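You asked for a quick read-through before you start on this one. Here are my notes, point by point.

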Amino acid sequence: MARPLKLAVIGAGVAGLTTACELKSEGHQVVVYEKADQIGGMWVYNPEVETDPLGLDPGRKIVHSSLYHSLKTNLPRPLMRFWDYPFTVKNKDGVLMDFPGHEEVLQFLNNFAEDFGLVELIRLNTEVVRVEQENDDQWVVESRSNGGLISEEPFEAVVVCNGHNTQPRVAELPGINNWKGKQIHCHNYRVPEPFRDQVVVIIGGAASANDISLEIVEVAKEVHLSSRSQEIEVKKWDMYDNLWQHSKVTNCHENGEIAFEDGALVTADIILHCTGYKYNLPFLKTNGVITIDDDNRVGPLYKHVFPPQLAPRLSFVGIPRVAINFVMIDLQAKWVASVLSGKVSLPSEEDMSADLEQCYRLLEEKGIPKHHTHSLDLNMHEYLDWVAAQVGLPPVDKRQKEIFYKIREILPTSWIGFREMLLKQLPWISRIS
Ligand code: FAD
């Protein structure tokens with residue numbers, strides 16, 4: 001191995017912990033910066049919500065986690081493990097759940113940090129406010145501790161693991177500026193009680209929209225889900241008196257009415273945006289080398305990890321979405337560690353840039369919008385196996401892939417009870433780790 005490096009990791013969520021673990025096992029000196037008072041990132045439930053329920057005010061107090069109180073994983077336990085560290089945490093009744101609650105996931109991450117001696121590497125309550133390259137071999141990390149103390153420290157490389165489920169993306173709805181009701185993004189949803197007796201329109205078609213609608217429907221007067229997906233069937237759900245699925249919103253009227261493409265017109269009290277999140281790298285100063293465009297593409301990033309011009313001294317772990325996240329993140333962490341140790345080489349800057357250009361061109365040719373750049377659902381299989389091969393590992397377990405694609409198959413048609421349906425169709429899930 002090349003000589004050990006002094007490395008900074010930003011964030012102690014899934015990505016930061018797996019990255020720290022891999023870097024440490026390669027013998028590097030690692031400092032993990034974590035702005036929260038504990039590790040776990042997104043998996044630390046916080047009952048507090050932000051002062052701006054839509055998350056648009058840049059001056060608002062930011063709450064990192066988007067967890068709601070009742071959240072259970074939307075991937076089953078065998079997809080919540082790391083590559084060689086299974087998920088074996090039981091719930092408070094001593095049961096190993098097929099879909100663990102968020103408390104068990106947080107416990108899993110704490111166990112991982114303990115088992116691999118990561119705790120002593122982590123500086124809690126320390127927020128990174130600036131990361132900047134000083135010269136070819138040195139980056140400076142400026143941080144602010146809880147007491148407001150600012151300090152600067154040089155590093156030979158930085159791995160960014162700050163997560164991307166905190167900065168809300170809000171749907172642009174025609175006429176919304178004149179609509180007088182309340183609006184909230186699901187980042188600030190915790191419990192259903194504030195929606196009691198309200199008529200609620202929920203925008204979105206992914207896991208959060210679906211889970212939250214089923215919770216709110218128990219207390220709200222009416223719940224109207226709206227999705228722009230062509231696969232959605234417009235209907236009233238039989239098993240509920242007060243739940244409807246609509247197509248996309250075509251107009252929000254000043255009198256409180258909301259019009260849908262399917263012709264329905266609903267007078268609503270609240271719009272709940274379950275429309276995802278934006279990437280956000282407020283601390284990263286690269287003179288425009290790395291940008292996040294309006295359509296949520298972070299780049300340029302070779303294979304979502306290395307910026308060709310700054311690799312390997314700057315890298316990103318955890319950027320892709322819609323994947324077997326924990327395994328994907330773990331593999332990226334292994335790749336970054338192997339590259340920084342000189343065990344694995346990257347292509348030249350020109351070849352990485354050319355590869356990226358080709359990826360962007362392919363997306364355009366297929367008509368895939370830019371905001372899907374980091375969404376792996378179309379090629380997750382190839383991506384994970386490719387990263388695994390970089391570090392000499394075999395392809396990802398076939399059963400993990402089968403589970404993931406079965407979920408993708410079930411979800412668009414039948415998200416009510418998708419967890420039960422998955423277990424019915426693949427009963428062996430409960431028996432594997
Ligand atoms: P995070 O967990 O967000 O961690 C980032 C860390 O960086 C945080 O601790 C944060 O405090 C810290 N940080 C940020 N900025 C700074 C800074 N400037 N200085 C210092 N520290 C900083 N995935 C699944 O696999 N299964 C699921 O069931 C699942 N359910 C989900 C449900 C919801 C509602 C959401 C929003 C996401 C879900 N995900 C799920 C995705 C999940 O977010 C990822 O799997 C994973 O936890 C992301 O880890 P991360 O480390 O990249 O980010």
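1. Start with Val131, whose bridge partner in strand 19 is Leu284. Strand 4 and strand 19 run parallel, and two bridges join them. Bear in mind throughout that this is a predicted model.

2. Now step back to the sheet around that pair. It is an open sheet of four strands, in the order 6-5-4-19, and the pairing is mixed. The edges are taken by strand 6 and strand 19 (284–285), each with a single partner strand, so each has one side without a neighbour in the sheet.

3. How many salt bridges does the structure hold? The count is 24. As a bit of background, side chains of opposite charge can pair when their charged atoms come close. The next few points pick out some of these pairs.

4. Strand 6 comes up again here, through Glu152. Glu152 makes a salt bridge with Arg130, and their closest N and O atoms are 2.9 Å apart. Since Glu152 sits in strand 6 and Arg130 in strand 4 (residues 126–135), this pair ties together parts that are 22 residues apart in sequence. Is Arg130 buried or exposed? Arg130 is buried, at a relative accessible area of 18%.

5. Glu153 has a partner too: Arg123, again with 2.9 Å between the closest N and O atoms of the salt bridge. Arg123 belongs to strand 3 (residues 122–123) and Glu153 to strand 6 (residues 150–155), so the parts tied together here are 30 residues apart in sequence. Glu153 is buried, with a relative accessible area of 19%, whereas Arg123 is partly exposed at 30%.

6. Have a look at Asp98 and Arg77 as well. Their side chains meet in a salt bridge, at 3.5 Å from N to O. Both residues lie in the loop between strand 2 (29–33) and helix 2 (102–115), yet the pair links distant parts of the chain, 21 residues apart. Asp98 is buried, with a relative accessible area of 19%, and Arg77 counts as buried too, at 3% relative accessibility.

7. One more note on charges, this time about a group. Which residues are joined into one network by salt bridges that share partners? They are Glu22, Asp84, Asp330 and Lys334.

8. On to the cysteines. A disulfide is a covalent bond between the sulfur atoms of two cysteines. The structure holds zero disulfides. Why is Cys274 not bonded to Cys186? The sulfur of Cys186 is the closest cysteine sulfur to that of Cys274, but the two are 4.1 Å apart, which is too far for a bond; the cut-off is 2.5 Å. Cys274 counts as buried, at 8% relative accessibility, while Cys359 is partly exposed, with a relative accessible area of 34%.

9. Last, the empty space inside. There is one cavity of 30 Å³ or more, and the largest cavity has a volume of about 90 Å³. It is lined by 13 residues, and those closest to its centre are Asn162, Gly163, His164, Leu281 and Ile319. What kinds of residue make up the lining of the largest cavity? Eight are nonpolar and five are polar, with no charged residues.

Notes. Residues are numbered from 1 along each chain as its sequence is written. This is a predicted model: local features need pLDDT of at least 70, side-chain atom pairs count only at pLDDT 80 or more; totals for chains, interfaces and linings use all residues. Side-chain values use heavy atoms; hydrogens and water are left out. A salt bridge is a side-chain nitrogen of Lys or Arg within 4 Å of a carboxyl oxygen of Asp or Glu. Buried means under 20% relative accessible area, exposed over 50%, partly exposed in between (1.4 Å probe, protein chains only). On a 1 Å grid over the protein atoms alone, a cavity is a set of points where a 1.4 Å probe fits but cannot get out, and a pocket is an open set with protein on both sides within 12 Å along at least five of seven lines; lining residues have an atom within 4 Å of a point. Grid points are joined across faces, edges and corners, and a volume is the space filled by probe spheres set on the points. Ala, Val, Leu, Ile, Met, Phe, Trp, Tyr, Cys and Pro count as nonpolar, Asp, Glu, Lys and Arg as charged, and the others, Gly among them, as polar. Two strands pair if DSSP finds at least two bridges between them.
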